[in-house]
Amino acid sequence: MNNILAIAHKELKSYFSTPIAYVVIGFFALLWGWFFYVMLIIFNQQSMQLAGLEGQGGTANINQQLIRPLFLNASVILLFVLPLITMRIYSEEKRSGTIELLLTSPLTDFQIIMGKFLGAMGLYAAMLALTMVHMGLLFSYGNPEWRPVVTGYIGLLLMGGGFISVGLLISSLTKNQIVSGMVTFAVFLLLWVINWPASFSGPTMQTVLNYLSITDHFDDFTKGIVDTKHLIYYFSVMSLGLFLTARAVDTERWKG
């Protein structure tokens with residue numbers, strides 16, 4: 001465990017020793033802030049419209065009309081941001097030649113992979129932590145339900161973990177960071193849109209495509225629902241991504 005944490009710390013430190021961490025966090029914070037601002041304006045307009053209706057006692061639901069759309073839009077940002085985090089994890093090691101030193105060190109493939117995975121997850125968690133400022137404002141001036149907020153963040157962490165494990169695999173297959181980033185983005189986008197033709201497919205294919213969609217499993221989290229099938233899906237994606245990465249790293253070790 002100490003070796004895994006040491007690699008994770010080294011990986012996280014390497015992000016902040018270059019402009020990558022600051023660019024990624026700044027880009028994510030900028031887009032999140034813009035979505036928050038737009039959603040807040042829309043929510044205020046809807047609230048005033050409901051308040052102005054004579055004889056109507058309805059009020060706008062801050063969770064359904066602001067927080068849930070915000071989480072759903074934030075998941076779109078991950079398509080662009082997470083490839084920037086994962087594209088260098090192994091590609092840079094291969095390009096600089098330090099991969100041989102890493103693989104010949106007294107570390108197992110599991111320790112190396114989990115350390116790099118946790119390092120990337122640490123940067124991702126730091127990105128999400130910044131957004132809690134906006135949630136704090138909502139709780140200070142409004143009265144949202146806390147459960148959908150907590151499960152929404154859990155869903156974002158799980159989705160990010162799935163994306164990062166896939167990005168880790170792709171980065172282990174090439175020494176070119178640009179290629180790694182572009183292929184990772186393409187795969188992320190495929191997981192995003194894979195269920196689009198589901199409505200035109202047969203019942204069996206529709207079920208399969210909807211299950212493979214990484215976003216379909218996220219929607220319930222924004223509603224405050226934690227379903228076992230969604231947890232199994234995300235942990236399966238993470239496990240498969242890390243397992244295939246281990247195979248790729250083992251092949252690289254034998255080549256060396």
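Is E11 buried or exposed, given its relative accessibility? At 3% relative accessibility, E11 counts as buried. Keep in mind that this is a predicted model, and that E11 is a handy place to start looking around in it.

**Charged pairs**

The structure holds 4 salt bridges. Here are some of them, with the gap between nitrogen and oxygen:

| Positive partner | Negative partner | N to O distance |
|---|---|---|
| R88 | E11 | 3.6 Å |
| K116 | E11 | 3.1 Å |
| K223 | D219 | 3.2 Å |

Let's take R88 and E11, which pair up in a salt bridge. R88 sits in the loop between α3 and α4 (91-96) while E11 belongs to helix α1, so this pair ties together parts that are 77 residues apart in sequence. R88 has 12% relative accessibility, so it counts as buried, because the cut-off for that label is under 20%.

Now for the other partner of E11: K116 also meets E11 in a salt bridge. This pair links distant parts of the chain, with K116 in helix α6 and E11 in helix α1, 105 residues apart. K116 is buried too, with a relative accessible area of 1%. Through shared partners, salt bridges join E11, R88 and K116 into one network.

**Around D220**

Over in helix α10 (residues 219-222) you'll find D220. What is the nearest side chain of opposite charge to D220? That would be K223, 4.1 Å away. D220 is buried but has no salt bridge, because a salt bridge needs the nitrogen within 4 Å of the carboxyl oxygen. K223 does have a salt bridge with D219. At 39% relative accessibility, K223 counts as partly exposed. Setting aside neighbours within four places in sequence, D220 is in contact with I225 and H230.

**The nonpolar core**

In soluble globular proteins, nonpolar side chains tend to be buried together. Here the largest nonpolar core has 62 residues. Which residues have the most contacts inside it? They are W32, Y124, M135, F163 and Y234. The elements giving two or more residues to this core are α1 (2-16), α2 (19-52), α3 (62-86), α6 (109-141), α7 (146-171), α8 (177-193) and α11 (228-255).

For a closer look, pick M135. Leaving out its neighbours within four places in sequence, M135 is in contact with W32, I67, L70, F71, V149 and Y153. One of these, W32, is itself on the list of residues with the most contacts inside the core.

Methods:
Residues are numbered from 1 along each chain as its sequence is written. This is a predicted model: local features need pLDDT of at least 70, side-chain atom pairs count only at pLDDT 80 or more; totals for chains, interfaces and linings use all residues. Side-chain values use heavy atoms; hydrogens and water are left out. A nonpolar core is a set of buried Ala, Val, Leu, Ile, Met, Phe, Trp, Tyr and Cys residues joined through side-chain atoms within 4.5 Å. Buried means under 20% relative accessible area, exposed over 50%, partly exposed in between (1.4 Å probe, protein chains only). Helices (H or I, at least four residues) and strands (E, at least two) are DSSP runs, numbered from the N terminus. Contact means heavy atoms within 4.5 Å. Lys and Arg count as positive and Asp and Glu as negative; His and the chain ends are not counted.
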